[in-house]
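Work through the exercises below with the model open. Each task is followed by a stepwise solution.

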Amino acid sequence: MFPYFIMLVFCGIPLFFMELSFGQFASQGCLGVWRVSPMFKGVGYGMMVVSTYIGIYYNVVICIAFYYFFVSMTRVLPWTYCSNAWNTPDCAGVLDGNLSSRAALNLTHLLNTTQKRTSPSEEYWRRYVLDLSDDIGNLGEVRLPLLGCLGVSWVVVFLCLIKGVKSSGKVVYFTATFPYVVLTILFVRGITLEGALTGIMYYLTPQWDKILDAKVWGDAASQIFYSLGCAWGGLITMASYNKFHNNCYRDSIIISITNCATSVYAGFVIFSILGFMANHLGVDISKVADHGPGLAFVAYPEALTLLPISPLWSILFFFMLILLGLGTQFCLLETLVTAIVDEVGNEWIIRRKTFVTLGVAVVGFLLGVPLTTQAGIYWLLLMDNYAASFSLVVISCIMCVAIMYIYGHRNYFKDIEMMLGFPPPLFFQICWRFISPAIIFFILVFTVIQYRPISYNDYVYPTWAISIGFLMALSSVICIPIYAIYKVCRSEGDTLLERLKNATKASKDWGPALAEHCSGRYAPAFSPSTESHLEVQPLQPEKGQSEAAAASPVQGSNGSAHSQDSRL
């Protein structure tokens, strides 16, 4: 956890505050904010691409959680015993009454040998839920139960976003708070079990021999970026709905610390149960601990079968996963919808934002169908490891450089001071200018140097699949240079240097969305008498509408300020 906290302090919290203040100041989504330096609008497009990839496969994870949630509504969990049609002779069920006495006596020996144990939960996951194929290129058939749950996931997401942040904001009160209730219930149950302390000590004990492993630091950075949502575009989008003078500095500190404290708290919940499971089986906890899908859908479900009233705990656990996943999915979908509406920016699409949301949900469902095939888990992990991994740190690094060195750190600090009433603290100024970009850059370099190809259990991905993974990773990063070249070519100027200057300097319409917030260098350069005659000019035609909507809960939101800026 040491690399995790280092990345949180020097990268996570500073970047979180930067994105919140960025979106709140301009009241724009991940595309509109780049009026600050139009040449770097490709960063916004890269964020959209990343959010698209994550939105596609993340909802598949939610749909699997839905599936486990539904099948848990039974007296006996279906992955408890080895007496099912999908089980193999190698299945070793701890609670299986049909085990022979010799098999039962040799179970502990089996678990401690190099031979991999095949548990009922693992066979249920691989042979029944996924019906896993032997290769990523062998898609096989669509798993209809998963396809149905995927449809349920997208319908729930769409219904919660049908009215934008007005509807999702109310739902999030439940999706963000109820998981704490479930976590606390599971935590109290977990620490009362025999062996729980062993699991917690395994969780807390640092492995100093891996401290110099670049992959550990890269994983810590990825975890921070994933848990805080940095470089997805969601933070900028959601912050654009804040009131202009909202204290986003306070919000960033509270949210970041609370979020990461929740992750640590959840680790206690998970490892207390895994410690009990290891104690029950008589094996080292490292043999039952897993990561990725194996932890959520194999190791932890197996541990739940050892608890009394196991279906109840299973329902609570997967309901918690669903709520946590939906909260993230709301943000991803709203990011894409807001970016599309901002980019088109006419009255027709603004009034029909619900249909845009529906269209994005339908497209997301269709693109997620291949991930419900027999080879779907291979593609899901490929997207998870490549499409939204190092591209996130590249996007964040370029965003820091663009704001601090192209737009200018002094300009940005003055913008924050005008918005909040005080400049950003010295620690954040140093992190934004030096520490965060440097850490991100070195992690990226050493991750490339120590790169290891992806694998899933014993399956090694073929070269062509890894090539597709790299193409997905590059597809978001490549947006940055392509748009930069396009912008330079379209900019005015007789020489390349003049074109670069015009492409990088802030647009005339950069600044606060509402006239009442424009002060200092953003103040209108005309007298009050002239201002009264210019209020009806088409420079910002919906300013009056935005000011009239200032009393609503979403003052300065995309629905008002975004529409006016996109029509300039």
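**Exercise 1. Find where confidence stays low.**

Start with residues 527–568. Their pLDDT (the predictor's confidence in each residue, from 0 to 100) stays under 50. The model still has 72 contacts (heavy atoms within 4.5 Å) beyond four places in sequence for this stretch. Next, take residues 98–114. Here too pLDDT stays under 50, with 17 such contacts. Finally, set both against the whole: the protein averages a pLDDT of 86, and 88% of the residues score at least 70.

Numbering runs from 1 along each chain as its sequence is written. The model is predicted, so local features need pLDDT of at least 70 and side-chain atom pairs 80 or more, while totals for chains, interfaces and linings use all residues; side-chain values use heavy atoms, without hydrogens and water.

**Exercise 2. Check the span and cover of helix H16.**

Helices are DSSP runs (H or I, at least four residues), numbered from the N terminus. H16 covers residues 376–387, twelve in number. From first C-alpha to last it reaches 15 Å, close to the 16 Å expected. That expectation is 1.5 Å times one less than the number of residues. Now the cover: ten of the twelve residues are buried (under 20% relative accessible area, 1.4 Å probe, protein chains only). Among them are Trp-379, Met-383 and Tyr-386.

**Exercise 3. Place Ile-430 in its surroundings.**

Ile-430 sits in helix H18. It counts as partly exposed because its relative accessibility is 35%, between the 20% and 50% limits. Ile-430 also belongs to a nonpolar surface patch with Val-401, Tyr-405, Ile-406, Leu-426 and Phe-434. Helices H17 (390–420) and H18 (426–449) each supply at least two of the patch residues.

Terms used. Patch = residues over 30% accessible without salt bridge, like charges linked within 9 Å, V, L, I, M, F, W, Y side chains within 5 Å. Areas by Shrake-Rupley, 256 points an atom, 1.4 Å probe, with all protein chains shown as cover. Salt bridge = Lys/Arg side-chain N within 4 Å of Asp/Glu carboxyl O.
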